Amino acid sequence: MRTEKNMKKKVIDWKKGLLIVPISFSLLIPTTGAFADDHGNHMDKPTVETPAADLRADLGHLLSEHAYLAVETMRKGAEGSADFEAAAGALNENTEDLSAAITSVYGEEAGAQFNEIWSNHIGFFVDYVKATDSNDEEAKQKALDNLAGYKEDFSKFIESATGERLEAETLAEGLQAHIDQLIGSFDSYVAGDYEMAYEKEREAIGHMHMVAKGFSSAITDQFPDKFDNTKAVTPASDLRAGLGHLLSEHAGLAMMTMQNGIDGSEDFDASAAALSKNTDDLTAAITSVYGEEAGNQFKEMWSGHIGNFVEYVQATGAEDEAAKEKALEALEAYRADFSSFLETATEERLEAGALSEGLQMHVNQLVAAFDSYTAEDYDAAYDSVREAYAHMYKPAKGLSGAFVNQFPDKFAMEAMPTDMPKTGLGGTAEQQLPIEWILAAVLATMAATGVVVRRKMQKN
């Protein structure tokens, strides 16, 4: 076990709300709204709970997880880390889940074809990592050439599968963006430009949510009866997808930053800064609507419990069991306060007891991933990593559903485009529907009800 780590002793500005209940994966079977009460939510009103919205969320989960795990696995390979095999195993499990998703829509043959093409492109990234390690420029170029071939093959596969609803030429452009982001993140990491490495990682994660948006829209257009004639791209599903993106990204970056903290890694500061930028995306939305004071209030509330995770990492490095217990107790107090706040803010559309249970599950997942990592049980660590990443899509559904129900006029369909997107499945996080709607709703209700949530930070 790592017991004498040169861990940095400063409190990281990790900031992100964590609202968790278990996620179930299904493409063709719509999930039910166990997280939020109905409150008269009928099909003639905007809703996040449709088969098409479920498809988009599930694809966003798995595709963005692919980008996240691919970047982390490439880094582990460059470092020669002991957990490289476990990280690669988690990436392979993600591929199997994606293949199952394709199979559920297009059948066994297409699923097997997808698995082969997708697995091959991961192998080409591995080839690039190996060639970098051996300073073999010719092998690096061969890997890039193979990725270019993959790009063409996969674009044609998707064009054919979707009945030309997505066009191969523009698909290839989007796939090239994915390749550039992963290679760019890896190259930056190897060069010691850690800030750029994490910037490219965040771009890669966000890009895959745009892929999910285009792909799910094409599938639901192709098989309308399978999805109850619902659409994947609506204001409500945009909100759900945007929250899923930022919440899962938070979980992924938090876990890697905890690893970097206990290891004393050189990229620790950059990973912590990426977490801060993840939160800043949300805080900027609040500030744009309510001004700097309201934005600061949100930022303080959102980041309150993160210091307790920092304390847990610090206590682990110091082998201080009492301090570890103190950090967990502080997280217990946080989850009670934040659950009560959300129940009041949503006018009981979200129930404090269920919220508190979900928050505890998230705490357990992060702590389990971290504890397993420090104990060098890497397979268990990455199992928990995947659980925690997936877990965030359920609160995204619950939260978005509650706020769409609470403010239905903000999510009407009038302004939505009607044409099928024939794009390269590209784009950036900035193209998502403004998430400030949900956050503005929180603050507006908070101001009206006088709700105050105080942090339960424990100072050493």
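This report covers the surroundings of Y198 and S271 and the aromatic and charge-over-ring arrangements in a predicted model.

## Y198 and its surroundings

Y198 belongs to helix α6, which spans residues 194-222. Its relative accessible area is 3%; buried residues are those under 20%, so Y198 counts as buried. Along the chain, Y198 and G184 are 14 residues apart, and their C-alpha atoms are separated by 9.8 Å.

Leaving aside residues up to four places away in sequence, Y198 is in contact with R75, L253, N260, D267, A270, S271 and A274. Two of these partners, R75 and S271, are taken up again below.

## R75 and the ring of Y198

R75 is related to Y198 in two ways. The side chains of R75 and Y198 make a polar contact of 3.4 Å. In addition, R75 lies over the face of Y198, at 4.0 Å from the ring centre.

A charge-over-ring arrangement is also found for K226 and F223. There, K226 lies over the face of F223, and the distance to the ring centre is 4.5 Å.

## S271 in helix α8

S271, one of the residues touched by Y198, is located in helix α8, made up of residues 268-290. S271 has a relative accessible area of 1% and is therefore buried, the limit being under 20%. Y198, its contact partner, is buried as well, with a value of 3%.

With residues up to four places away in sequence not counted, S271 touches Y198, T257 and N260. The side chain of T257 is joined to that of S271 by a polar contact of 3.4 Å. N260 appears in the contacts of S271 and also in those of Y198.

## Aromatic pairs

Across the whole structure, 12 aromatic pairs are found. One of them is formed by Y389 and Y393, with a centre-to-centre distance of 6.3 Å and 45 degrees between the planes. This pair is classed as tilted, because planes under 30 degrees apart count as stacked and those over 60 as edge-to-face.

Both members of the pair are buried: Y389 has a relative accessibility of 0%, and Y393 has a relative accessible area of 5%.

Ring pairs also connect a cluster consisting of F114, W118, Y150, F154 and F157.

Note on methods: Residues numbered from 1 in each chain as written. Predicted model: local features only at pLDDT ≥ 70, side-chain atom pairs only at ≥ 80, totals over all residues. Heavy atoms only, no water. Helix = DSSP H or I, 4+ residues; strand = E, 2+ residues; numbered from the N terminus. Buried < 20%, exposed > 50% of the residue type's maximum accessible area, 1.4 Å probe, protein only. Contact = heavy atoms within 4.5 Å. Polar contact = N/O pair within 3.5 Å; in protein donor to acceptor, adjacent residues only side chain to side chain. Phe/Tyr/Trp six-rings, centres within 6.5 Å; stacked < 30°, edge-to-face > 60°. Lys NZ or Arg CZ within 6 Å of the ring centre and 35° of its normal.
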